[in-house]
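Please open the model in a viewer and keep the selection tool at hand. The tour below proceeds from one selection to the next.

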Amino acid sequence: MSGVRLLLLSNSRNPGEEYLEHARSAIGDFLGGEVRDMLFVPYAAIRLSWEEYASRVEGAFRTIGYGVRSFAGLAEPRTLVGAAEAVVVGGGNTFQLLRKLRDTGLLAAIGDRVRGGMPYIGWSAGSNVACPTIMTTNDMPVVDVPGFASLDLVPFQINPHYTNATLPGHQGETRDERLAEFVEVNPGRYVVGLREGSILRVEGPRVTLLGDSPARIFIKGKEPWEQPPGEPLDFLLRPEGPEPTFTA
């Protein structure tokens, strides 16, 4: 895991901005000039066709000078992974995404390449699947997935689109309460509440929070706290206490 390179976004669009506009500089800085041709995984899309999704993402990356190809429609998508310069995994429904990654064999194929140094960019569900499990997603399980274990590229969990806001009269649990439940039964596992517009950049042993908003950090035994951009987040790569065991 020491050589992984990840750019993990909370969301794909900020209010009043174009698709991925808020992340353009971060993506360009992360990829540099060596990577030009990337593979896009559209499997999290359900109501939008994979072809339409790929077209949207290709246009956004073309704006900043990068080419993107999609797995959409390919019978054997694993054939492209071995030669990929980078992989991009889009948001949508996390359960659908994980199921398709498993069904196509891409979960193992992508994981092997990224652990070998291939850059990985994901947002929303694409950030969720970079974690040990998808257990801190906000999505409804619209498809059955036998187990929640995912790419396991980092030892911590992400909750994208994080907010603790509630609607007037709403009596359900807040997001903080839900994440507190997770860390209670998974001691030693950090959860990062990643607010809109925020990005985590992982470069080997270094974790950096990009954007204007603090991240909210959860772990059992401590009160959740706000971690502002610019301060080290490397501790996320060193889980506290015993590691929980997840079923693949």
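Select Asn14 to begin. Asn14 is buried, with a relative accessible area of 16%; buried denotes under 20% relative accessible area, exposed over 50%, and partly exposed the range in between (1.4 Å probe, protein chains only). Asn14 lies in the loop between strand S1 (5-9) and helix H1 (24-31). Helices (H or I, at least four residues) and strands (E, at least two) are DSSP runs, numbered from the N terminus. Leaving aside residues up to four places away in sequence, Asn14 touches His22, Glu196 and Gly197, where a contact means heavy atoms within 4.5 Å.

A note on the source is due here. This is a predicted model, in which local features need pLDDT of at least 70, side-chain atom pairs count only at pLDDT 80 or more, and totals for chains, interfaces and linings use all residues. Residues are numbered from 1 along each chain as its sequence is written, and side-chain values use heavy atoms, with hydrogens and water left out.

Next, select Gly197. Gly197 sits in the loop between strand S7 (191-194) and strand S8 (199-203), and is buried, with a relative accessible area of 18%. Beyond residues up to four places away in sequence, Gly197 touches Asn11, Asn14, His22, Leu210 and Gly211. Now add Leu9 to the selection: Gly197 and Leu9 are 188 residues apart in sequence, and their C-alpha atoms are 7.5 Å apart in space.

Move on to strand S5, residues 120-123. Which residues cover its two faces? Tyr120 and Gly122 are on one side, Ile121 and Trp123 are on the other, and all are buried. In a regular strand the side chains alternate between the two faces of the sheet.

Display the neighbouring strands of the pairing as well. S1 and S5 pair in the parallel sense over 4 bridges; two strands count as paired if DSSP finds at least two bridges between them. Select Leu7 to see one such bridge, whose partner in S5 is Ile121. Strand S4 (residues 87-89) also pairs with S5 in the parallel sense, over 3 bridges, and Val89 stands opposite Gly122 in S5.

Finally, select the whole protein chain. The chain has 7 helices and 11 strands. Its C-alpha atoms fill a box of roughly 45 × 40 × 35 Å, taken along the principal axes. Buried residues make up 52% of the 248 residues. Among contacts between residues at least 6 apart in sequence, 71% join residues at least 24 apart.
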